[in-house]
Amino acid sequence: MADHLKPAGQAKFKDQHVTKFDELLIEADGEYRRYGLVGAPLSKPSISHSGAAFAPGAIRQAMASYSTYSNGLGIDFNHEQVTDFGDINMHPTDIPGSQDRITESIKTILNRQEVDELFLLGGDHSVTYPSLKAYQQQVGTIGVIQFDAHHDLRNLQDGGPTNGTPFRRAIEDQVLSGDHLVQIGIRDFTNAAAYDQFAKEYGVTVFTMDDVKERGVEALVDQAIQHLINQVDLIYLSVDMDVLDQAYAPGCPAIGPGGMTSHDLLTGVERASNSDAVKAMDIVEIDPTLDFRNMTSRVAAHVLFSYWKGKIHP
């Protein structure tokens, strides 16, 4: 007699010809794989209410909604295993201590040399600073392509190391040179003149949404890669999901109109990852408690898929 009983939560339909992306995630076992993934569930430094600490799990869950086959490329990614290093345990009250844990954990992963390219799932955007710090200490000179509506160059005097300060901290602490930061998707009425001026003073390359509309995201990414590639040892993509228009990312704490379409963002990430110099990416600023039908986490899952597409698509 057939056994129809399954463990709780596993009584699901299974198509024998379909592999879902979450099936590619393999718990860290010491084996080498090209790609790795780690969660940084930290959102207490957010300057507004945020449940972004729940996003690493939500993004992993969203990966289960999609197959590994790309119709556009005619390629199945079902052979591509990804080491899942789990989530970094955060201190319940010590924000700087939690950020230090991110640096230490990423340095440990890089030292183990079990993966060549690592994805960090935030969390709010404050997780990017400790991540960049780890790469700068372990790899060398870092370049960043930041997809974002905001500069994230806020001063630290008014609120400390929040999700609005990661790139200000990185520049002031000499983790990142301003000339090695390219921002794409900066929007009207989401920033202050003082931070626009800071970007100019420190040589940050800024492309606004007007630039995205007039020139196209692929041209901007190509210019960013060309600018960085001979100056840095590694290019890091930082994807703040609020770069998207609110219609595509209802689960972002800082939603707003006039942003990128999901197609813009996915195209930009795929174009960037086509460069061999791009070897790391974070995805931040999703609050699953605000989301509708996991829409924003589903786009984030596709950001990962687009990165993989770029690595094999000439």
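1. A charge counts as sitting over a ring when NZ of Lys or CZ of Arg is within 6 Å of the ring centre and within 35 degrees of the ring normal. In this predicted model, Arg169 fits that description: its charged end sits over the ring of Tyr129, 3.8 Å from the centre.

2. On to the aromatics. The count comes to twelve aromatic pairs. One of them is Phe21 with Phe305, a stacked pair at 3.8 Å centre to centre with 15° between the planes. Phe21 belongs to the segment before β1 (25-27) and Phe305 to helix α9, so this pair ties together parts 284 residues apart in sequence.

3. Phe21 has a second partner worth a look: its ring centre is 5.4 Å from that of Trp308 and the planes are at 10°, so this pair is stacked too. Here again distant parts of the chain are linked, with Phe21 in the segment before β1 and Trp308 in helix α9, 287 residues apart.

4. Are these rings buried or exposed? Buried counts as under 20% relative accessible area, so Phe21 qualifies at 4%, Phe305 at 7% and Trp308 at 3%.

5. If you step back, ring pairs link Phe21, Phe305 and Trp308 into a cluster that also takes in Tyr35, Tyr66, Phe77, Phe119 and Tyr307.

6. Last, the largest pocket, with about 340 Å³ of space. It is lined by 17 residues, and the closest to its centre are Ser70, His302, Phe305, Ser306 and Lys309. The elements giving two or more residues to the lining are β3 (69-70), α8 (262-273) and α9 (295-312). By class, the lining has nine polar, six nonpolar and two charged residues.

Notes
Residues numbered from 1 in each chain as written. Predicted model: local features only at pLDDT ≥ 70, side-chain atom pairs only at ≥ 80, totals over all residues. Heavy atoms only, no water. 1 Å grid on protein atoms, 1.4 Å probe; cavity = no way out; pocket = protein on both sides within 12 Å on 5 of 7 lines; lining within 4 Å. Points joined across faces, edges and corners; volume = space filled by probe spheres on them. Helix = DSSP H or I, 4+ residues; strand = E, 2+ residues; numbered from the N terminus. Nonpolar A, V, L, I, M, F, W, Y, C, P; charged D, E, K, R; others polar. Phe/Tyr/Trp six-rings, centres within 6.5 Å; stacked < 30°, edge-to-face > 60°. Buried < 20%, exposed > 50% of the residue type's maximum accessible area, 1.4 Å probe, protein only.
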